[in-house]
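Please examine the sequence and the model below before reading on. The paragraphs that follow lead from one pair of residues outward to the wider arrangement.

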Amino acid sequence: MTGAAQGIGLRIAEILAEEGYRLYLTDLNTEKLSAVAERIGARHGHVDISDRASCLLMTENATTSLGQIDALVNVAAIDAQYMPGSSITVEHWSGIIDTNLSGTWWCINAILDHMVELGGGRVINISSAWAFRPSKGVSVAYAASKAAVAGLTVALAEEYESAGILVNAIAAGATGNTGTPIDPHRAANYQRSHPLGFGGPDPVAHMVSHLLGPGGDWVSGAVMNVSGGYLRG
């Protein structure tokens with residue numbers, strides 16, 4: 001699992017540990033990650049998902065540590081300060097796409113042959129509600145990266161179902177306490193418009209658990225809407 005040191009990834013790690021999963025946690029921030037892994041009794045290692053070689057090494061270390069990898073949960077991503085589309089720089093665009101989209105892909109690419117040899121596995125990617133319903137204040141690069149993660153999920157599901165690999169994504173809504181802090185005025189407006197308010201990381205973490213468990217046995221190529229009503233349909 002990537003992005004386990006904080007936010008949604010941290011909560012996913014905690015819940016899966018409580019449910020008895022054997023975990024190999026990774027993150028760019030190894031200091032925070034080490035404390036998390038020690039607290040929940042998980043193994044851990046460093047990864048920079050934007051670097052393919054780092055993703056390959058992560059997979060090698062995880063396989064050596066656990067013996068086999070039955071599931072991959074891709075959480076690691078970066079947020080970005082908003083800027084108008086006409087002002088987006090090469091650094092802004094490339095940084096987000098290289099991490100959120102290419103990084104997700106490099107992690108999956110590194111594990112596919114192993115899962116094929118095992119005869120199956122599960123991959124869960126974290127997309128975003130803003131991929132499907134963008135709003136002012138969200139970088140178009142971020143929305144594009146998360147929409148592409150959803151497309152990647154659907155394409156991989158079609159290709160690898162026959163190998164027993166189920167690939168799904170979660171379109172996560174506003175947690176209210178992860179990522180870039182929300183301006184108090186915007187937060188108040190959001191809560192007035194959306195009766196279910198901010199969900200925190202737990203709803204996303206519980207959906208990951210559902211997809212990894214028996215509830216996910218017949219789910220493939222889905223982009224699960226976990227957005228507290230921000231998305232409908």
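In this predicted model, L72 stands opposite V123, a residue of strand 4. The two residues mark a place where strand 3 and strand 4, the latter formed by residues 121-128, run side by side: these strands pair in the parallel sense over 4 bridges.

This pair belongs to a wider arrangement, an open sheet of 4 strands. Read across the sheet, the order is 3-4-5-6, and the pairing is parallel. Which strands stand at the edges? They are strand 3 (71-74) and strand 6 (223-226); each has a single partner strand, so one side of each is left without a neighbour in the sheet. On average, neighbouring strands of this sheet are turned by 20 degrees against each other, direction being ignored.

A helix lies against this sheet. Helix 4, residues 90-118, packs on the sheet and touches strand 3, strand 4 and strand 5 (165-172). The direction of helix 4 makes about 175 degrees with that of strand 3.

We now turn to the nonpolar side chains. The largest nonpolar core has 31 residues, and those with the most contacts inside it are M1, I12, L25, I170 and V208. Which elements give two or more residues to this core? They are helix 1 (7-18), helix 2 (30-40), strand 4, strand 5 and helix 7 (202-212). I12 may serve as an example: leaving aside its neighbours within four places in sequence, I12 is in contact with M1, V73, V75, A205 and V208. There is also a second, separate core of 22 residues, which includes A62, I69, Y160 and I165.

Empty space deserves attention as well. Rolling a probe the size of a water molecule over the atoms shows where such space is left. The second largest pocket holds about 450 Å³ of space. Its lining consists of 21 residues, of which R22, L66, I69, D70 and A71 lie nearest the centre of the pocket. I69 thus appears in two settings, being included in the second core and in the lining of this pocket. Two or more residues of the lining come from each of strand 1 (24-27), helix 3 (52-66), strand 3 and helix 4. Helix 3 gives the most, with 4 residues.

Helix 3 also contains N61. Is this residue buried or partly exposed? N61 is partly exposed, because its relative accessible area is 32%, and the range for that class runs from 20% to 50%. N61 and H46 are 15 residues apart in sequence, and their C-alpha atoms are 9.8 Å apart in space.

Notes:
Residues numbered from 1 in each chain as written. Predicted model: local features only at pLDDT ≥ 70, side-chain atom pairs only at ≥ 80, totals over all residues. Heavy atoms only, no water. Pairing = 2+ DSSP bridges. Axes fitted to C-alpha atoms, helices over the stretch in contact; angles between N-to-C directions. Contact = heavy atoms within 4.5 Å. Core = buried A, V, L, I, M, F, W, Y, C linked by side-chain atoms within 4.5 Å. Buried < 20%, exposed > 50% of the residue type's maximum accessible area, 1.4 Å probe, protein only. 1 Å grid on protein atoms, 1.4 Å probe; cavity = no way out; pocket = protein on both sides within 12 Å on 5 of 7 lines; lining within 4 Å. Points joined across faces, edges and corners; volume = space filled by probe spheres on them.
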